[in-house]
Amino acid sequence: IKKQGKLFISSFSFNVNAKWSFYFDGNKFAAKINNDEFVKLISSGKKISKGDTLEAEFEIKQEYDEPVNTYVNKSYKIIRIINHNRRNEQDLI
């Protein structure tokens, strides 16, 4: 499933191969960012913090779980970062 939405950063890593943790619609998941331009921005010193949001395009891989008759999210992949929004300083108080 392809989606676009606001991802809330829960944790991140400067290691290019590491997965970041996000919340989307109240669900926590981990995914690697596969957007070279955004990774270059981070490597060049762009500030990023826990609680920032990323407007992003991403894919969710689902598998059908027959016993419960529903699809279950199995993995996530960040395709493109559209916008990075810093957490409001007022929210920190």
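Two strands count as paired here if DSSP finds at least two bridges between them.

**Figure 1. The whole chain, a predicted model, holds one helix and five strands.** Walk along the sequence and the elements come up as β-β-β-α-β-β. The C-alpha trace spans about 45 × 30 × 20 Å along its principal axes. Of the 93 residues in the protein chain, 28% are buried. Take the contacts with a separation of 6 or more: 54% of them join residues 24 or more positions apart.

**Figure 2. The five strands form an open sheet.** Going across, the order is β3-β2-β1-β4-β5, and the pairing is antiparallel. Strands β3 (27-31) and β5 (70-85) sit at the edges with a single partner strand each, so one side of each has no neighbour in the sheet. From one strand to the next, the twist averages 45 degrees.

**Figure 3. A closer look at β2 and β3, an antiparallel pair.** Strand β2 covers residues 20-24, and five bridges tie β2 to β3. Which residue in β3 stands opposite Phe22? That would be Phe29. Remember that β3 is one of the edge strands, with a single partner strand.

**Figure 4. Ser49, in the loop between α1 and β4.** The loop picks up after α1 (36-43) and leads to β4 (53-65). Is Ser49 buried, exposed or partly exposed? Its relative accessibility is 27%, and because buried means under 20% and exposed means over 50%, Ser49 counts as partly exposed. Leaving aside residues up to four places away in sequence, Ser49 touches Ile9, Phe12 and Arg86. Asn85 is worth finding in this view too: Ser49 and Asn85 are 36 residues apart in sequence, yet their C-alpha atoms are 9.9 Å apart in space.

**Figure 5. The surface and charges of the protein chain.** About 6600 Å² of the chain is exposed, and carbon and sulfur atoms supply 45% of that area. How many positive and negative side chains are there? The protein chain has 16 positive and 12 negative ones. The centres of the two sets lie 5 Å apart.

Terms used: Residues are numbered from 1 along each chain as its sequence is written. This is a predicted model: local features need pLDDT of at least 70, side-chain atom pairs count only at pLDDT 80 or more; totals for chains, interfaces and linings use all residues. Side-chain values use heavy atoms; hydrogens and water are left out. Helices (H or I, at least four residues) and strands (E, at least two) are DSSP runs, numbered from the N terminus. Axes are lines fitted to C-alpha atoms, for helices over the stretch in contact, and angles run from 0 to 180 degrees between N-to-C directions. Buried means under 20% relative accessible area, exposed over 50%, partly exposed in between (1.4 Å probe, protein chains only). Contact means heavy atoms within 4.5 Å. Accessible areas come from the Shrake-Rupley method with a 1.4 Å probe; for residues, only the protein chains shown count as cover. Lys and Arg count as positive and Asp and Glu as negative; His and the chain ends are not counted. The place of a charge is taken as NZ of Lys, CZ of Arg, CG of Asp or CD of Glu.
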